[in-house]
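Work through these exercises with the model open beside you. Try each task before reading its solution.

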Amino acid sequence: MALLNILRYPDPRLHTVAKPVEAVDDRIRQLVDDMLQTMYDAEGVGLAATQVDVHERVIVMDTTEQRDHPIVLVNPELVEKSAEMKVSEEGCLSVPQVYDKVERHARVKVRAMGRDGEWFEMECEGLAAVCVQHEMDHLMGRVFVEYLSLLKRDRIKTKMLKKSREEQRA
Ligand code: NI
């Protein structure tokens, strides 16, 4: 397994729309394993392939406190969305140290293939529902800060660019 480099907002590659995975083969299983290792290492609850510059519909997540329940979603689709909406605070490994409120469906049902290539359905609420919607947005080239006001987004962009300049200098 290997740690993958996570793209940072406002990297334009984060706005790439991912393609469906054709088959869950060894290459995809390797990607999934590397993404899980990268997500756990970065202490994130979810990671989309887009964030590691692979533009295929693959998500990994683990919203448990014990960090022992990895979930793999290949070619995910939302098959049900609650009418009820909920606002919660989100963060993203591609936008480190930025947290803000986003409104999403309170509950969703997702259909996807797992690491074994088998289709399954999963009902999500709470953090898992937020995570699935956040990660599926990544696959569409959308980062959560795009739900915020233009003013806030500009501030975040400036902050991120400054941060990467500082890191390059260090
Ligand atoms: Ni994210």
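**Exercise 1: a charge and a ring**

Find what the charged end of arginine 111 sits over.

*Solution.* In this predicted model, the charged end of arginine 111 sits over the ring of tryptophan 119. The distance to the ring centre is 4.2 Å. Now look for ring pairs: the structure holds 0 aromatic pairs.

**Exercise 2: the nickel site**

Which residues coordinate the nickel ion, and where in the chain do Cys92 and His138 lie?

*Solution.*
1. List the donors. They are Cys92 through SG, His134 through NE2 and His138 through NE2, at 2.1 to 2.2 Å.
2. Write the spacing. Along the chain it reads C-x41-H-x3-H.
3. Place the pair. Cysteine 92 is in the loop between strand S4 (85-90) and strand S5 (100-105). Histidine 138 is in helix H2 (residues 126-139). The two are 46 residues apart, so the pair links distant parts of the chain.
4. Check burial. Cysteine 92 and histidine 138 are both buried.

**Exercise 3: helix H1**

Test the length of helix H1 (residues 26-41), then find what covers its buried residues.

*Solution.*
1. Compute the span. H1 has 16 residues, and at 1.5 Å a residue it should span 22 Å.
2. Compare. The end C-alpha atoms are 22 Å apart, which agrees.
3. Pick out buried residues. Among them are Ile28, Leu31, Val32, Met35, Leu36 and Met39. Asp33 and Asp34 are also buried.
4. Find the cover. It includes strand S1 (46-48), strand S2 (58-61) and strand S3 (71-81).
5. Step past the end. Just after H1, glutamate 43 takes a positive phi of about 60°.

**Exercise 4: glutamate 123**

Is glutamate 123 buried or exposed?

*Solution.*
1. Locate the residue. Glutamate 123 is in strand S7 (residues 119-125).
2. Apply the cut-off. Exposed means over 50% relative accessible area. Glutamate 123 has 67% relative accessibility, so it counts as exposed.
3. List its contacts. Setting aside neighbours within four places in sequence, glutamate 123 touches Val108 and Lys109.
4. Add a distance. Leucine 78 is 45 residues away along the chain, and the two C-alpha atoms are separated by 9.9 Å.

**Exercise 5: the whole fold**

Write the order of elements, then judge how compact the protein is.

*Solution.*
1. Count. The protein has 3 helices and 7 strands.
2. Order them. From the N terminus they run α-β-β-β-β-β-β-β-α-α.
3. Compare radii. The radius of gyration is 16 Å, close to the 15 Å that the globule rule gives for 170 residues, so the protein is as compact as a globular protein of that length.
4. Add burial. Buried residues make up 46% of the 170 residues.

Key: Residues are numbered from 1 along each chain as its sequence is written. This is a predicted model: local features need pLDDT of at least 70, side-chain atom pairs count only at pLDDT 80 or more; totals for chains, interfaces and linings use all residues. Side-chain values use heavy atoms; hydrogens and water are left out. Donors are N, O and S atoms within 2.8 Å of the metal (3.2 Å for Na, K and Ca); water is not among the atoms, so sites may look incomplete. Helices (H or I, at least four residues) and strands (E, at least two) are DSSP runs, numbered from the N terminus. Buried means under 20% relative accessible area, exposed over 50%, partly exposed in between (1.4 Å probe, protein chains only). Rings of Phe, Tyr and Trp (its six-membered ring) pair if their centres lie within 6.5 Å; planes under 30 degrees apart count as stacked, over 60 as edge-to-face and the rest as tilted. A charge sits over a ring if NZ of Lys or CZ of Arg is within 6 Å of the ring centre and within 35 degrees of the ring normal. The expected span of a helix is 1.5 Å times one less than its number of residues. Contact means heavy atoms within 4.5 Å. The radius of gyration is taken over C-alpha atoms; the globule rule is 2.2 Å times the number of residues to the power 0.38.
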